[in-house]
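Hi everyone, thanks for making time today. Please pull up the structure on your screens, and I'll walk you through a few spots in it.

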Amino acid sequence: MGSFNKRMTEIPGDDSLIAAARLILTELGSNKKLSNEAREILLDLRTQLSLSMDKVVETKDEDEDEGLSGIKGRLNSIQDKVMTWEVGQSMIWDAGPEEAKEYLNAVDEAVRLVKSLEGLNPSKDSEEHELLQQANDVVQTSMAKIEEEFKHILVQNRQNFEPERLSFRSCEDDGGVDENLFMSFGDDSFDYSVQRDSVVSRGGEVQVMDLINPNVIPDLKAIADLMFDSNYGRECSQAFVSVRKDALDDCLFILEVEKSSIEDIVKMEWGTLNSKIRRWVKTLRIFVRIYLASEKFLCEQIFGETRDSVSSFCFSESSKASVLQLLNFAEAIAVGPHQPEKLLRILDMYEVLADLTPDIESFYPDENGSYLRVEFQDVVNRVGGCAATTFLEFKKAVASSVSNSAFPGGGIHHLTRYVMNYIRTLIDYTDSLNTLLKDHSDGFEHDPSSSPDNEDEGVNSSLSPLGLHFRSLMSILETNLEEKSRLYKEDALGHLFLMNNVHYMTEKVKGSELRTILGDNWIRKHNGRFQRHAMGYERSTWSWILSLLRDEGLHHPGSSSSISKTLLKERLQVFYTAFEEIYKSQTGWTIPNNQLCEDVRISMSLKVIQAYRTFVGRHANNINEKYIKYSADDLENYLLDLFEGSPRSLHSFHRR
C-alpha cells in the first residue's frame, strides 16, 4: 500500500481518483485472499461511493435547472438589446463602434444559443423548445436589422467617382474626326483631314480605387461573416447586389451614358451618334479598367477571404446590368446600316472591345460570370463583322460614285482626297483590319491595268489582307477616275486630271505607312502611270502647235528651198492664235502640287520655247519684226501663268 499511496500522490485531481480506482481493480484481480484490514477499507469505500453517487445525481438535476434559467435570462437580455434598436429609425453604426460591437456580439451569442439548443433535440412541449423558438425569433429580427445596417453603411460611405481626375483625356479635347467629316462620295463632298481619337489607342493599366470608405470595410466584413454564419448569406448577398447595382448605374450616369433602345440608336442622326460612340469608347475603357476592377476588389475585401464563390457571385450580379447596357449600345451599332462614314468609329469600338477582352475574362473567370464573358465576346465578334462589312461597303461606294459633269480645272477630285485620307487613317487599325479582312475576297478583279503581271502576282502573294484590299480599293478608285476623265471635252484636260490624281495618290502612299503596306512596286508602277498621263497631256496640247514651228508646208509651190514669206506670216499667226487659246483655257486649269506644276512647266518650256526660238531665229531674214507678237522670253513668262486655276487672256499683251 505504501507504493500505491506514493504513486497516487504523484497524480493530480480527478486523474488521481481515476488512477486509484484502476489500481484497486487491478489489485482485486491479482489477490485471491484479502486481509481483514483490506476488507474493512473496501467496505468503507463502498459506502463512500454510494454517498458520492447520490450527490452527483442531485447536483446534475440542480445544474440543469440552473442552466436553463441562465440561458433564459441571457436570451431575454439579448432580446431586450435587439428590440431596443427596433424602436425608431436610428442606425446602430451611427451610434459609434462600441455600440455596434456590442450589438454584433449579442447577436452572435444568440446564434450560438440557437445552435446549442438545437443540439439538445428538444421535444415540442419542452421548455428547451420554447427557448429555441425565442432564440430563433431574436436572430431573425436581428438579421433583418443588420441587413439594413449593411445596406446603410454601403450607401452612406460611397466614395465620389470623379472621372475628370483620371488619366483619360476628355472626348471634347481629343481633336478627333469632325462629325461633319463624312459627306457624300459625290462631287459635292468636301475634303477634311481624318485622324483617330487619341483616347482609343490601345494600352492602359487597371487602376483600383476605393469605391467605399476603407474605414468601414471591417464593419461590412463583420456583418457579412455573421450573416453567412447564421445561414443568412443569401440575404446578405442580395443586399450587397441591390446597393452596388445602383452604384454602378450612377457611375454610368456620371460618365454620361444614356439608356437608349437599339431602335433609337439605329435611327439616330450621324452627328449625334458619332459623339455618342466617341464617348462610349472612352467610357467602356474607364468602366472596365477602373470601375469594374475596383468593384471586384470591393467584393473580395468583404467576401473574398473565405467565400470566393460568394465574392464572384456578388460581383457578377451587381455589374451585370451595367455591362449589358454598354454592350447593348455596341450591338445596336453592329446591327445598324453599314455606312462608310461609320467605319472609323466602328473600328474604335472593335479595338477597345478586343483590348478589354482579357480584362473581362480575368474579372469573370468562373461559372458566375460565364454569361457576361459569352455576351462580351459575342459583341466583339459582331462589331468586328460590322467593321469588315462596312469596309467592303466603302469599296462599293467608291466604285459607284458617279459624276454628271467634269471636275473643274482638272485638279484633284474630292473623291481622291477622301479615299486617300481615309485609308491613311485606316493604317492605325492595321492589325485589326488584317484580322477582320483575312477571310474576305480582295476584289482584285477591279484592277484597271488588266491582269497583273508575274511580278505583281509574286508581290500580291506576300501582301497582308489589308494590303490586298488597299490595292483593290486603289484600283477601284483609278477605274472611277478614268470614267470621270471621259467627261472632259478636251483630251488634254482628261490627261491632266488623271495625272494630278494618280500623282496625288502616289505621293500619299510614298509619304506614309501605306508604302509599307502597298510596297515599292506599286509606287514604281504608279509613278510610270502619272508620267504617261503627263506625256499624254503634252501630246494632246502641244503636238500640233509644235508642228507649226517646223518648216513643212512653208516653201513656195514648186520650190524645195525658197520659203514663202506669206506662208511664214500665216504660220506665225496660227501659232500665236493657238498659243493664246491655250493660255486662255489652261490658265484656268490647275496642278495643285507645286513641284509637279513646276516640272510640267519646265518640260513645256524646254520643248515649246526652244522650238520657237529656233524657228524665229532660222527665219529672221524672212519675218518682218511687226509680225513677231511675242518674244521667246514673253512666251516663257506666259507659260508660268498656266495651271493657276484662274482663266486669263493674252489679248492685252498683244503688240500693235
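Let's start with R289, which is buried, at a relative accessible area of 5%. Keep in mind as we go that this is a predicted model. So what does R289 pair with in a salt bridge? The partner is D359, and the closest N and O atoms are 3.0 Å apart. R289 sits in helix α9, residues 270-303, while D359 belongs to helix α11, residues 343-363, so this pair ties together parts that are 70 residues apart in sequence. And is D359 buried or exposed? D359 counts as buried, because its relative accessibility is 10% and the cut-off for buried is under 20%. The pair also has company: R285, R289, D355 and D359 are linked in a network of salt bridges. As a general reminder, side chains of opposite charge can pair when their charged atoms come close.

How many salt bridges does a search of the whole structure find? The count is 30, and I'd like to show you two others.

One of them joins D249 and K245, with an N to O distance of 3.8 Å. Both residues lie in helix α7, 4 residues apart, which is about one turn of the helix. K245 counts as partly exposed, with 31% relative accessibility.

The other is between R648 and D641, where the closest N and O atoms are 3.4 Å apart. Here the two partners fall into separate classes: R648 is partly exposed at 39% relative accessible area, whereas D641 is buried at 17%.

While we're on charged residues, have a look at K508, in helix α17, residues 491-510. K508 is buried, with a relative accessible area of 17%. Which residues does K508 touch, leaving out those up to four places away in sequence? They are M420, N421, R424 and L514.

Now for some backbone angles. Most residues other than glycine have a negative phi. With that in mind, please find E256, a residue other than glycine whose phi is positive, near 65 degrees. E256 is in the loop between α7 (233-254) and α8 (262-267), and E256 is exposed, at 53% relative accessible area.

F643 is another one to look at: not a glycine, yet phi is positive at about 65 degrees. You'll find F643 in the segment after α22 (632-639). Is F643 buried or exposed? F643 counts as buried, with 3% relative accessibility.

Next, a helix. Helix α19 covers residues 520-547, so to speak, 28 residues in total. From first C-alpha to last, α19 reaches 39 Å, close to the 40 Å expected at 1.5 Å a residue. Where is the kink in α19 centred? The kink is centred on T541, and the angle is about 40 degrees.

Last stop, the surface. V206, V208 and F297 form a nonpolar patch there, and together they have about 230 Å² of accessible area. V206 is in the loop between α5 (127-156) and α6 (217-229). With a relative accessible area of 39%, V206 is partly exposed, and that value is above the over 30% cut-off for patch residues.

That's my tour. If you'd like to go back to one spot, I'd pick the buried R289 and the network that links it with R285, D355 and D359. Thanks for listening, and I'm happy to take questions!

Methods
Residues numbered from 1 in each chain as written. Predicted model: local features only at pLDDT ≥ 70, side-chain atom pairs only at ≥ 80, totals over all residues. Heavy atoms only, no water. Patch = residues over 30% accessible without salt bridge, like charges linked within 9 Å, V, L, I, M, F, W, Y side chains within 5 Å. Areas by Shrake-Rupley, 256 points an atom, 1.4 Å probe, with all protein chains shown as cover. Salt bridge = Lys/Arg side-chain N within 4 Å of Asp/Glu carboxyl O. Helix = DSSP H or I, 4+ residues; strand = E, 2+ residues; numbered from the N terminus. Buried < 20%, exposed > 50% of the residue type's maximum accessible area, 1.4 Å probe, protein only. Expected span 1.5 Å × (residues − 1). Bend = angle between axes of the 7 residues up to and from the residue. Contact = heavy atoms within 4.5 Å.
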